[in-house]
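Reader: I should like a close look at a single part of this model, followed by an account of the parts around it. Please keep the description to what the coordinates support.

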Amino acid sequence: MTDPDNNPLSALPPTGKLLGLDLGTKTIGVAISDGMRYSATPLETIKRTKFTQDSARLIELIAENDAVGFVLGLPLNMDGSEGPRVQSTRAFARNLATKVSIPIVFWDERLSTSAVTRTLIEADVRRDKRAEVVDKLAASYILQGALERLRRG
């Protein structure tokens with residue numbers, strides 16, 4: 001899924017909206033970019049059930065938003081190594097790729113949830129409210145990082 005220049009985003013088409021995903025064990029945070037790819041906006045949090053239902057909702061989101069690619073957060077360990085969560089994320093991507101015709105690329109998501117949680121705490125958002133929004137905000141954080149990398153080329 002990557003090119004020789006080691007750019008994980010090279011498989012994405014040059015224009016069009018992108019969906020960012022923060023894949024958790026219980027939820028999938030979803031964010032979307034604008035058509036110009038300047039900013040990422042939190043879209044929704046999908047409560048995970050079975051892969052079939054989860055992927056069906058993602059397919060609906062592709063259609064509803066005219067999305068041209070997925071940026072899927074890759075939960076690397078702090079030292080950059082791959083653990084069990086990376087394996088399950090890659091498996092999810094492989095399964096999803098059989099159901100969608102748009103590219104799925106990985107983006108390092110280290111610290112995305114903790115950065116978003118810290119921001120919400122600083123904004124004095126209650127714990128129960130944070131739980132509702134942290135996944136889609138983490139997806140937005142992941143997607144924004146990828147958008148900035150795309151702009152740099």
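Reader: Is Ala31 buried or exposed, and what is its relative accessible area?

Author: Ala31 is buried, at a relative accessible area of 0%; buried stands for under 20%, exposed for over 50% and partly exposed for values in between, with a 1.4 Å probe and protein chains only. The model is predicted, so local features need pLDDT of at least 70 and side-chain atom pairs count only at pLDDT 80 or more, whereas totals for chains, interfaces and linings use all residues. Residues are numbered from 1 along each chain as its sequence is written, and side-chain values use heavy atoms, with hydrogens and water left out.

Ala31 belongs to strand E2, residues 27-33; helices (H or I, at least four residues) and strands (E, at least two) are DSSP runs numbered from the N terminus. Once neighbours within four places in sequence are set aside, Ala31 has contacts (heavy atoms within 4.5 Å) with Leu18, Leu19, Gly20, Thr41, Pro42, Leu43, Lys136, Ala139, Ser140 and Leu143. Tyr141 is 110 residues from Ala31 along the chain, yet their C-alpha atoms are separated by 8.6 Å.

Several of these partners, among them Lys136 and Leu143, direct attention to helix H4, residues 127-152. The expected span of a helix is 1.5 Å times one less than its number of residues. For the 26 residues of H4 this gives 38 Å, and the end C-alpha atoms are 36 Å apart, which agrees. H4 nevertheless has a kink of about 45° centred on Val133, the bend being the angle between axes fitted to the seven residues ending at a position and the seven starting there. After H4 comes Gly153, with a positive phi near 80°.

The loop that follows E2 and leads to strand E3 (40-47) contains Arg37. Arg37 has a positive phi near 60°, although it is not glycine, and it is buried at 8% relative accessibility.

Helix H1 offers a second buried site. Leu58 is located in H1 and is buried at 0% relative accessibility. Beyond four places in sequence, the contacts of Leu58 are Leu21, Val30, Ile46, Phe70, Phe92 and Leu96. Ser55 is also in H1, residues 51-65; it is buried at 2% and, on the same terms, contacts Leu96 and Lys99.

The structure has one aromatic pair, where rings of Phe, Tyr and Trp (its six-membered ring) pair if their centres lie within 6.5 Å, with planes under 30 degrees apart stacked, over 60 edge-to-face and the rest tilted. Phe51 and Phe92 form this edge-to-face pair, at 5.4 Å centre to centre and 80° between the planes. Phe51 is in H1 and Phe92 in helix H2 (residues 84-97), so the pair ties together parts 41 residues apart in sequence. Phe92 is buried at 3%, whereas Phe51 is partly exposed at 24%.

As for confidence, pLDDT is the predictor's score for each residue, from 0 to 100. The chain averages 89, and 95% of the residues score at least 70. Confidence is highest in H1, at a mean of 97, and lowest in helix H3 (residues 112-122), at 77.
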